[in-house]
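Work through the exercises below with the sequence and the model open side by side. Try each task before reading its solution.

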Amino acid sequence: MQHNFSLQPFNTFGIDVKAKHFARFSNTIELQNQLNTFPQEELLILGGGSNMLFTQDFNGLVLRNEIKGIELLEQNDDQVLIKAGAGENWHAFVQHCIAQNWAGLENLSLIPGSVGASPMQNIGAYGVEIKDVFHELSAYHIDSGETHTFNKEQCQFGYRESVFKRALKNQYIILDVTFALTKNPELRTSYGAIQQELSAKGISNPSIRDISEAVIAIRQSKLPDPKDLGNAGSFFKNPVISLETFAPIQAKYPDVSHYVVSDKEVKLAAGWLIEKAGLKGYREGTCGVHTKQALVLVNYGGSHGQQILDLSTHIIQTIQSQFGVTLEREVNIIPTHESIL
Ligand code: FAD
Ligand code: EPU
């Protein structure tokens with residue numbers, strides 16, 4: 001257990017804040033002991049810190065999940081059930097599965113963070129979300145000390161959503177996640193620039209490794225590496241709006257980037273809205289909007305979390321007044337601010 005501990009190396013925005021108490025756990029007994037040491041303190045579970053923005057010191061207990069282990073539970077000619085500890089690195093786990101030729105996670109290559117955080121917001125990229133390959137997870141119930149199992153339905157996955165961000169927020173600590181992968185892949189190459197990337201390399205019959213490498217190349221071409229430039233990926237969700245709200249926007253901007261979600265709704269590309277509003281590359285002191293991907297806010301060095309939060313409020317207000325669309329933050333703001341726009 002450490003005290004007054006700097007969290008700067010533990011969040012990909014690189015914000016220099018301190019935790020009142022900090023410890024790591026690698027099994028449930030350690031977790032229980034640490035929780036019992038400071039039962040009254042506000043609690044934060046930390047994985048890779050790649051989806052959070054700290055706006056001030058954390059006046060409580062930060063516990064870093066370092067539960068390791070990858071276990072093959074079952075397999076037949078078609079399917080594989082594989083369990084990973086919540087503290088495993090996500091991308092390393094994806095690469096492990098690709099090396100065994102187990103398909104399903106390849107489109108989710110190079111997403112930073114831990115396995116345990118992946119169900120929190122149902123991580124997604126390039127046409128796949130973890131709900132597509134999710135089997136079950138086990139989680140520690142903080143109040144009772146019991147471990148509970150959740151199947152896919154119980155997790156209530158949605159676009160960047162799960163029950164752990166809503167009805168069960170702050171009630172559970174995810175210990176491990178089990179995925180159902182396949183030995184007979186259905187390759188998903190239609191999203192974004194994957195096909196283009198494969199064609200450029202002359203690949204017409206791709207393996208899952210080829211897809212993983214294509215996704216990695218696309219991501220590296222536009223997303224900043226947190227080692228070079230602090231960020232937490234997309235700062236906002238892509239807004240899902242009704243066709244009625246969409247009609248006047250499309251009339252005014254015929255090139256508006258969008259995807260049809262249902263016969264009643266479309267999803268707009270928030271990066272397009274921010275770029276169209278003239279904010280791509282916009283800078284406010286030590287933070288700004290990334291020059292290659294307008295959905296990503298960056299810390300050029302020494303930024304305070306509050307400055308980045310204020311920048312995000314400015315973006316929300318600008319998009320609201322120009323397009324009549326309200327952007328919702330995707331990154332977790334810590335501590336939770338109930339009253340921010
Ligand atoms: P953290 O940031 O540590 O935690 C996130 C939230 O989950 C916090 O509320 C935390 O308290 C909670 N939490 C973490 N672990 C546990 C646990 N074991 N039990 C209970 N609660 C827990 N996301 C995508 O979906 N798609 C992308 O393509 C994508 N690209 C990204 C690119 C970059 C460059 C970066 C920096 C981020 C990107 N992200 C993306 C966001 C991020 O990688 C994911 O949200 C990831 O799952 C966060 O994992 P983490 O371990 O870092 O979580
Ligand atoms: N666009 C612009 N300008 C920009 C950025 C995007 O016009 O500066 C437009 C383009 O038309 C582009 C479209 O937006 O075709 C979509 O852009 P991109 O493919 O880069 O994806 P995104 O919608 O911005 C989402 C996820 C990413 C995920 C990618 C790939 C959200 C909030 N973000 O971004 O996830 O990696 O798709 O699937 O859904 C994250 O969650 O942190 C994250 C990076």
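The model is predicted, and the exercises that follow deal with its domains, its nonpolar cores, its two ligand sites and some single residues.

**Exercise 1. Domains**

Task: State which domains the chain is assigned, and describe how domain 1 and domain 3 are placed relative to each other.

Solution:
- Step 1. The assignment gives domain 1 (2-65), domain 2 (70-182) and domain 3 (230-334).
- Step 2. Between the C-alpha centres of domain 1 and domain 3 the distance is 29 Å.
- Step 3. On the contact level, 13 residues of domain 1 meet 18 residues of domain 3.

**Exercise 2. The largest nonpolar core**

Task: Find the largest nonpolar core, and work out where it lies with respect to the domains.

Solution:
- Step 1. The largest nonpolar core consists of 49 residues, and Ile274 and Ile315 have the most contacts inside it.
- Step 2. Helix 8 (residues 305-323) contributes the largest share of this core, seven residues.
- Step 3. Both domain 1 (2-65) and domain 3 (230-334) give residues to the core, so the core lies between them.
- Step 4. For the surroundings of isoleucine 315, set aside its neighbours within four places in sequence; its contacts are then Phe236, Ile274, Leu279, Val289, Leu297 and Leu327.
- Step 5. Another core, of 41 residues, lies apart from the largest one; among its members are Ile111, Ala125, Ile194 and Ile203.
- Background: nonpolar side chains tend to be buried together in soluble globular proteins.

**Exercise 3. The site of ligand 1**

Task: Identify the residues nearest to ligand 1, list polar atom pairs, and state how much of the ligand's accessible area the protein covers.

Solution:
- Step 1. There are 33 residues around ligand 1, and those that come nearest are Ile45, Gly48, Ser50, Ser114 and Gly124.
- Step 2. Serine 114 places a polar side-chain atom 2.6 Å from an oxygen atom of ligand 1.
- Step 3. Two pairs use a nitrogen atom of the ligand: a polar backbone atom of glycine 124 is at 2.7 Å from one, and an N or O atom in the side chain of arginine 219 is at 2.8 Å from one.
- Step 4. On its own ligand 1 has 980 Å² of accessible area, of which the protein covers 93%.
- Step 5. At least two residues of the shell come from each of strand 3 (43-46), strand 8 (124-125), strand 12 (172-182) and strand 13.

**Exercise 4. The site of ligand 2**

Task: Carry out the analysis for ligand 2, and name the element that gives the largest share of its shell.

Solution:
- Step 1. Ligand 2 is surrounded by 23 residues, with Tyr126, Tyr159, Glu275, Gln293 and Glu330 the closest.
- Step 2. Oxygen atoms of ligand 2 are approached by a polar side-chain atom of tyrosine 159 at 2.7 Å, by a backbone N or O atom of serine 234 at 2.8 Å, and by a polar side-chain atom of asparagine 238 at 2.9 Å.
- Step 3. Of the 820 Å² of accessible area that ligand 2 has on its own, the protein covers 82%.
- Step 4. Helix 5 (208-222), strand 13 (230-234) and helix 7 (270-276) are the elements that give two or more residues to the shell.
- Step 5. Helix 7 gives the largest share, three residues.

**Exercise 5. Threonine 55**

Task: Decide whether threonine 55 is buried or exposed, and list what surrounds this residue.

Solution:
- Step 1. Threonine 55 sits in the loop between strand 4 (52-54) and strand 5 (58-65).
- Step 2. Its relative accessible area is 12%. Buried means under 20%, so threonine 55 is buried.
- Step 3. Beyond its neighbours within four places in sequence, threonine 55 contacts Gly305, Gln306, Leu309, Ile333, Ile334, Pro335 and His337.

**Exercise 6. Asparagine 122**

Task: Locate asparagine 122 and find the side chain with which its own makes a polar contact.

Solution:
- Step 1. Asparagine 122 belongs to the loop between helix 2 (90-99) and strand 8.
- Step 2. With a relative accessible area of 0%, asparagine 122 is buried.
- Step 3. Its side chain makes a polar contact of 3.2 Å with that of glutamate 129.
- Step 4. Leaving out neighbours within four places in sequence, the residues in contact with asparagine 122 include Ile130, Lys131, Phe157 and Arg160.

How values were computed. Residues numbered from 1 in each chain as written. Chains lettered and ligands numbered in written order. Predicted model: local features only at pLDDT ≥ 70, side-chain atom pairs only at ≥ 80, totals over all residues. Heavy atoms only, no water. Core = buried A, V, L, I, M, F, W, Y, C linked by side-chain atoms within 4.5 Å. Buried < 20%, exposed > 50% of the residue type's maximum accessible area, 1.4 Å probe, protein only. Helix = DSSP H or I, 4+ residues; strand = E, 2+ residues; numbered from the N terminus. Domains from an automatic or database assignment. Contact = heavy atoms within 4.5 Å. Near = heavy atom within 4 Å. Polar contact = N/O pair within 3.5 Å; in protein donor to acceptor, adjacent residues only side chain to side chain. Areas by Shrake-Rupley, 256 points an atom, 1.4 Å probe, with all protein chains shown as cover.
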